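Here's a quick briefing on how two chains fit together, plus a few backbone oddities to look out for. Have the structure open as you read.

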Protein chains: 2
Amino acid sequence: MDISDWRRQIDEIDDQLLELFNRRATCSIEIGALKRRMNLCVCSSEREAEVIGRALRSNRGPLDDAAIRRLFEAILEESRLLQVLVAEQEAGR
Amino acid sequence: MDISDWRRQIDEIDDQLLELFNRRATCSIEIGALKRRMNLCVCSSEREAEVIGRALRSNRGPLDDAAIRRLFEAILEESRLLQVLVAEQEAGR
């Protein structure tokens, strides 16, 4: 396989990553809506620790645990930002 | 669906994300090895811009383009770090 073959594989992976990021975000929005309806705090550091812990326990590399932690922290950060955005939109209605 | 149902969905998505992150990293390692064999520069800001551009063109949300850009930049950063690590290991052999 040459460089362009590997890059094609990466492109396919990136298409799946994009879809999964957005599907995950949709789930977060649903959870945020349920929490607001139940007057629960939207943020949950316990759940975030669980998400990171799950990923680290399953990680077989080649990315090391520090890299996986940073990537899932980035995902959780976007999830938090999106929930704030959605809550603001709801409040502004 | 209640909160735990949505969280189960997120867990399944996270399992797939973890697998894709590591599969992508394996592709990057292969590309790095090919580049070193051909004496090419490992980094390619052109290719990085292409990766981000592809993701943004396909993005239908709910994550906005800024979020998708940040997530793919985080992935590219880990890819760079890993390639440096692998190159150092090869040089140290």
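**Helix against helix**

Start with the α3 pair: the axes of α3(A), residues 65-92, and α3(B) come within 10 Å and cross at roughly 175 degrees. With angles over 145 degrees counting as roughly antiparallel, that makes α3(A) roughly antiparallel to α3(B). Bear in mind that this is a predicted model.

**Who meets whom in the α3 pair**

- On the chain A side, the residues of α3(A) that meet α3(B) are A67(A), R70(A), L71(A), A74(A), I75(A), E78(A) and L81(A).
- Across from them, α3(B) brings A67(B), R70(B), L71(B), A74(B), I75(B), E78(B) and L81(B).
- Sorted by class, the residues of this α3(A)–α3(B) contact come out as 10 nonpolar, four charged and no polar.

**The interface as a whole**

- Zooming out, 51 residues of chain B are in contact with 51 residues of chain A.
- About 4900 Å² is buried between chain B and chain A, and carbon and sulfur atoms give 70% of that area.
- As for polar contacts, 16 residue pairs turn up across the interface of chain B and chain A, counting pairs with both residues at pLDDT 80 or more.
- On chain B, the side that touches chain A draws at least two residues from each of α1 (3-37), α2 (45-58) and α3 (65-92).
- The largest share of that side of chain B is the 26 residues from α1(B).
- By class, the side of chain B that touches chain A has 28 nonpolar, 14 charged and nine polar residues.

**Salt bridges**

- Over all chains, the count comes to 22 salt bridges.
- Between chain B and chain A, the count is 10.
- D11(B) is a good one to click on: it forms a salt bridge with R47(A), with the closest N and O atoms 3.1 Å apart.
- D11(B) sits in helix α1 of chain B and R47(A) in helix α2 (residues 45-58) of chain A, so the pair joins two chains.
- The side chain of D11(B) also meets that of R54(A) in a salt bridge, at 3.8 Å from N to O.

**Backbone oddities in the loops**

- In chain A, the peptide bond from G61(A) to P62(A) is cis, with omega near 15 degrees.
- You'll find P62(A) in the loop between α2 and α3 of chain A.
- Chain B has a cis peptide bond joining G61(B) and P62(B), with omega about 10 degrees.
- P62(B) belongs to the loop between α2 and α3 of chain B.
- N39(A) isn't a glycine, yet it has a positive phi of about 55 degrees.
- To locate N39(A), go to the loop between α1 (3-37) and α2 of chain A.

Key: Residues are numbered from 1 along each chain as its sequence is written. Chains are lettered from A and ligands numbered from 1 in the order in which they are written. Side-chain values use heavy atoms; hydrogens and water are left out. Contact means heavy atoms within 4.5 Å. Buried area is the accessible area (1.4 Å probe) that two parts lose on being put together, summed over both. A salt bridge is a side-chain nitrogen of Lys or Arg within 4 Å of a carboxyl oxygen of Asp or Glu. A polar contact is a pair of N or O atoms within 3.5 Å; within protein, one must be able to donate a hydrogen and the other to accept it, and residues adjacent in sequence count only if both atoms are side-chain atoms. Helices (H or I, at least four residues) and strands (E, at least two) are DSSP runs, numbered from the N terminus. Ala, Val, Leu, Ile, Met, Phe, Trp, Tyr, Cys and Pro count as nonpolar, Asp, Glu, Lys and Arg as charged, and the others, Gly among them, as polar. Axes are lines fitted to C-alpha atoms, for helices over the stretch in contact, and angles run from 0 to 180 degrees between N-to-C directions. Angles under 35 degrees count as roughly parallel, over 145 as roughly antiparallel, 65 to 115 as roughly perpendicular and the rest as oblique.
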